[in-house]
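Got your viewer open and the mouse ready? Let's walk through this model together, one selection at a time.

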Amino acid sequence: MNKPKLLIARRIYPEVLSKLQEHFDIDYNDSDEVYAKDELIKRLQGKQAAMTTGTDRVDEQVLKACPELKICANIAVGYNNFDVASMTARKVQATNTPDVLTETTADFGFALMMATARRVSESEHYLRKGLWTQWSLDMFTGPDVHASTLGILGMGRIGQAIAKRGAHGFAMRVIYHNRSKLSAPLEQACKAQYVSKEELLKTADHLVLVLPYTPEAHHTIGQAELALMKPTATLTNIARGGIVDDAALAQALRAGTIAAAGLDVFENEPALNPELLSVPNIVLTPHIASASRKTRAAMADLAADNLIAFFTKGQVLTPVNTIQ
Ligand code: DGY
């Protein structure tokens with residue numbers, strides 16, 4: 001029997017590739033180069049399956065041009081690169097990689113928040129430039145993390161894992177805002193209290209963004225929201241670029257509207273707003289929140305299992321949409 005045809009749009013781990021080779025006839029992009037849309041459409045001709053990452057946009061134009069496509073398995077928990085409504089209308093199964101990255105991503109979110117509060121990047125740059133000539137009492141002082149108020153915007157699995165780190169490990173008061181309030185047992189497990197978005201912005205000492213990107217979430221944090229925050233507060237974004245208005249943030253950091261920011265994701269990444277590069281009170285990382293070797297391999301493996309299950313069992317493990 002002919003194997004289904006699969007496009008793997010990005011270099012993956014050899015063990016995951018071998019597993020897929022048993023089930024699929026594969027067209028493999030053995031590189032980290034992102035296909036331009038024309039190339040993606042060309043490569044997807046005659047293919048029933050695609051393995052994608054968050055930078056491969058699967059929209060109506062792609063779907064229309066590739067009518068044989070039946071499934072796209074994203075190696076990411078976020079799937080804002082998919083036009084899910086079009087995929088569902090065209091009966092294309094979409095899958096993502098939840099759960100396997102929760103704890104690793106929460107570790108990173110917490111680390112970035114701590115590095116931001118305690119000015120790790122800023123002080124390292126100072127040291128590397130040879131500017132450190134003497135110790136002083138108030139050199140690179142920043143706000144405490146322990147026993148402060150942790151604000152979380154977006155209280156899904158990763159938000160909850162960050163809340164637990166703050167509440168149980170660092171004696172933080174945890175407040176959160178989310179589309180829906182958590183159940184009482186979940187709130188208890190996270191020691192977290194639901195508040196309005198306005199109260200979250202006004203009260204948090206350290207605000208961490210973990211909400212999914214949707215068109216409605218575009219610029220959830222802009223000039224007006226930053227103005228509500230404490231001048232001593234920090235902002236950490238491990239969610240998606242576009243949730244924060246990067247230009248407004250750079251301006252707020254320069255003006256002292258808030259104390260510092262930590263960003264792992266950016267509008268138009270991998271391009272960066274140049275204003276962010278010249279602001280000192282910022283920690284910048286290249287979208288690596290889920291990047292432990294073990295977790296990245298588990299994400300690729302789950303995407304592969306979704307593809308295999310779709311063709312062998314007729315159902316996937318972690319669906320994003322329901323195909324009738
Ligand atoms: C995710 O899983 O959504 C991460 O941001 C990697 O793309």
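The domain bounds used on this tour come from an automatic or database domain assignment. Keep in mind, too, that you are looking at a predicted model.

**Stop 1: colour the two domains.** Select residues 5-100 together with 293-313 and give them one colour: this is domain 1. Then select 102-284 for domain 2 and pick another colour. If you place a marker at the centre of each domain, taken over C-alpha atoms, the two markers sit 31 Å apart.

**Stop 2: the interface between them.** Zoom in where the colours meet. Here seven residues of domain 1 are in contact with five residues of domain 2. The two domains bury about 570 Å² between them, and 42% of that lies on carbon and sulfur atoms. On the domain 1 side, show Asn80, Asp99 and Thr295 as sticks: they lose the most area to domain 2, together 66% of what that side buries.

**Stop 3: polar links across the interface.** How many salt bridges does the rule find between domain 1 and domain 2? There is one across this interface. To look at a salt bridge, select Arg157 and Asp99, whose closest N and O atoms are 3.4 Å apart. Four residue pairs are also found in polar contact across the interface. Sorted by class, the domain 1 side that touches domain 2 has three nonpolar, three polar and one charged residues.

**Stop 4: the ligand.** Now centre the view on the ligand and select the residues around it: Ala76, Val77, Gly78, Leu101, Arg240, His287 and Met299. By class, this shell has four nonpolar, two polar and one charged residues.

Which atoms should you look at here? Try these distances in turn:

- Gly78: a backbone N or O atom lies 2.9 Å from a ligand oxygen.
- Arg240: a side-chain N or O atom is 2.7 Å from an oxygen atom of the ligand.
- His287: a polar side-chain atom lies 2.7 Å from a ligand oxygen.

To finish, switch on a surface around the ligand. Taken alone, the ligand exposes 230 Å², and the protein buries 85% of that.

Definitions and conventions: Residues numbered from 1 in each chain as written. Predicted model: local features only at pLDDT ≥ 70, side-chain atom pairs only at ≥ 80, totals over all residues. Heavy atoms only, no water. Contact = heavy atoms within 4.5 Å. Buried area = accessible area lost by both parts, 1.4 Å probe. Salt bridge = Lys/Arg side-chain N within 4 Å of Asp/Glu carboxyl O. Polar contact = N/O pair within 3.5 Å; in protein donor to acceptor, adjacent residues only side chain to side chain. Nonpolar A, V, L, I, M, F, W, Y, C, P; charged D, E, K, R; others polar. Near = heavy atom within 4 Å. Areas by Shrake-Rupley, 256 points an atom, 1.4 Å probe, with all protein chains shown as cover.
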